[in-house]
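The following exercises concern the ligand sites of a predicted model. Please work through each task before reading its solution.

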Amino acid sequence: RHFAPKARPLTGLKLMLTAGPTREALDPVRYISNHSSGKMGFALATAARALGAEVTLVSGPVTLATPTGVRRVNVESAQDMHDAVMAGIGEQHIFIACAAVADYAPKVVASHKIKKTQADNMVVELTKNPDIVASVASLQHKPFTVGFAAETRDVEKYALDKLKRKNLDMIAANDVSGSDRGFNSDQNALSVFWPGGQHHLPLAGKAELAEQLLTLIAKRYHDLH
Ligand code: CTP
Ligand code: CA
């Protein structure tokens, strides 16, 4: 969509976002991942560009086309995503963490394909990945930092806990308990929280929702700057 200059509240601002899942290798042919489609993050990148921002999209493996006018950096693992984000975060005004980052990765990545053995059970040891959005929010010159929270219960409680614990400026909470929204769906609803305020964005297409969320982000950003 095309917006008149007045309706482009992100003009002159650099915005980075993460999107999609991450892949955590077990061996050269296997990985641990999740069902994130990347649709919400890509919709946000598209909308941010339309609202005037200079957009960098750090994306895990997804099957979506790069939005026009958006700089895309492809990554696989959470560690790669962390490194790509930290390399470019210094010049960003706004950071949105939309990726479904794997919380843990296999502690050792086998250099050859793991072979099946006689044993009926197999134990894989996992180790915690870096928390990307928390790393960004702990920077001395942190950008306006927005997180997402996908929850299946107690949405508000967990979202407020993450807002505080990760030192975020805003969090968009996502109830993924129903199949009509979130992860692989084309629709979503978001409850947005920031220190001292909240706003509900009802079930809508991801493109429309992305535009509404970014309008809210732009408003909060300009209130603080
Ligand atoms: N996130 C991140 N790096 C991680 C894990 C999460 O940047 N290693 C970001 C996500 O992109 C999201 C926010 O943190 O914006 C919340 O992710 P979520 O998985 O809901 O939070 P966790 O702290 O991992 O808690 P849990 O999975 O236990 O609910
Ligand atoms: Ca998590």
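**Exercise 1.** Identify the backbone polar contacts of ligand 1 with proline 130, valine 133 and alanine 99, and state which ligand element takes part in each.

*Solution.*
1. At proline 130, a backbone N or O atom is 2.8 Å from a nitrogen atom of ligand 1.
2. At valine 133, a backbone N or O atom is placed 2.8 Å from an oxygen atom of the ligand.
3. At alanine 99, a polar backbone atom is 2.8 Å from an oxygen atom of ligand 1.
4. Each of these distances can be tested against the cut-off for a polar contact, which is 3.5 Å.

**Exercise 2.** How much of the area that ligand 1 exposes when taken alone does the protein bury, and where does the ligand sit?

*Solution.*
1. The area exposed by ligand 1 alone is 570 Å², of which the protein buries 76%.
2. The site of ligand 1 is the largest pocket.

**Exercise 3.** Describe the shell around ligand 1 by element, by class and by nearest residues.

*Solution.*
1. Two or more residues each come from helix H3 (132-137) and strand E9 (144-151).
2. Strand E9 contributes the most, with four residues.
3. Sorted by class, the shell comprises nine nonpolar, one polar and four charged residues.
4. Of the 14 residues around the ligand, the nearest are Ala97, Ala99, Phe148, Lys162 and Lys166.

**Exercise 4.** Which residue coordinates the calcium ion (ligand 2), and where is the place of that residue?

*Solution.*
1. Asp103 supplies the coordination, listed twice through OD, at 2.4 to 2.5 Å.
2. Aspartate 103 belongs to the loop between strand E6 (94-97) and strand E7 (104-106).

Technical notes: Residues numbered from 1 in each chain as written. Chains lettered and ligands numbered in written order. Predicted model: local features only at pLDDT ≥ 70, side-chain atom pairs only at ≥ 80, totals over all residues. Heavy atoms only, no water. Near = heavy atom within 4 Å. Polar contact = N/O pair within 3.5 Å; in protein donor to acceptor, adjacent residues only side chain to side chain. Areas by Shrake-Rupley, 256 points an atom, 1.4 Å probe, with all protein chains shown as cover. 1 Å grid on protein atoms, 1.4 Å probe; cavity = no way out; pocket = protein on both sides within 12 Å on 5 of 7 lines; lining within 4 Å. Sits in = over half its atoms within 2 Å of the grid points. Nonpolar A, V, L, I, M, F, W, Y, C, P; charged D, E, K, R; others polar. Donors = N, O, S within 2.8 Å, 3.2 Å for Na, K, Ca; no water.
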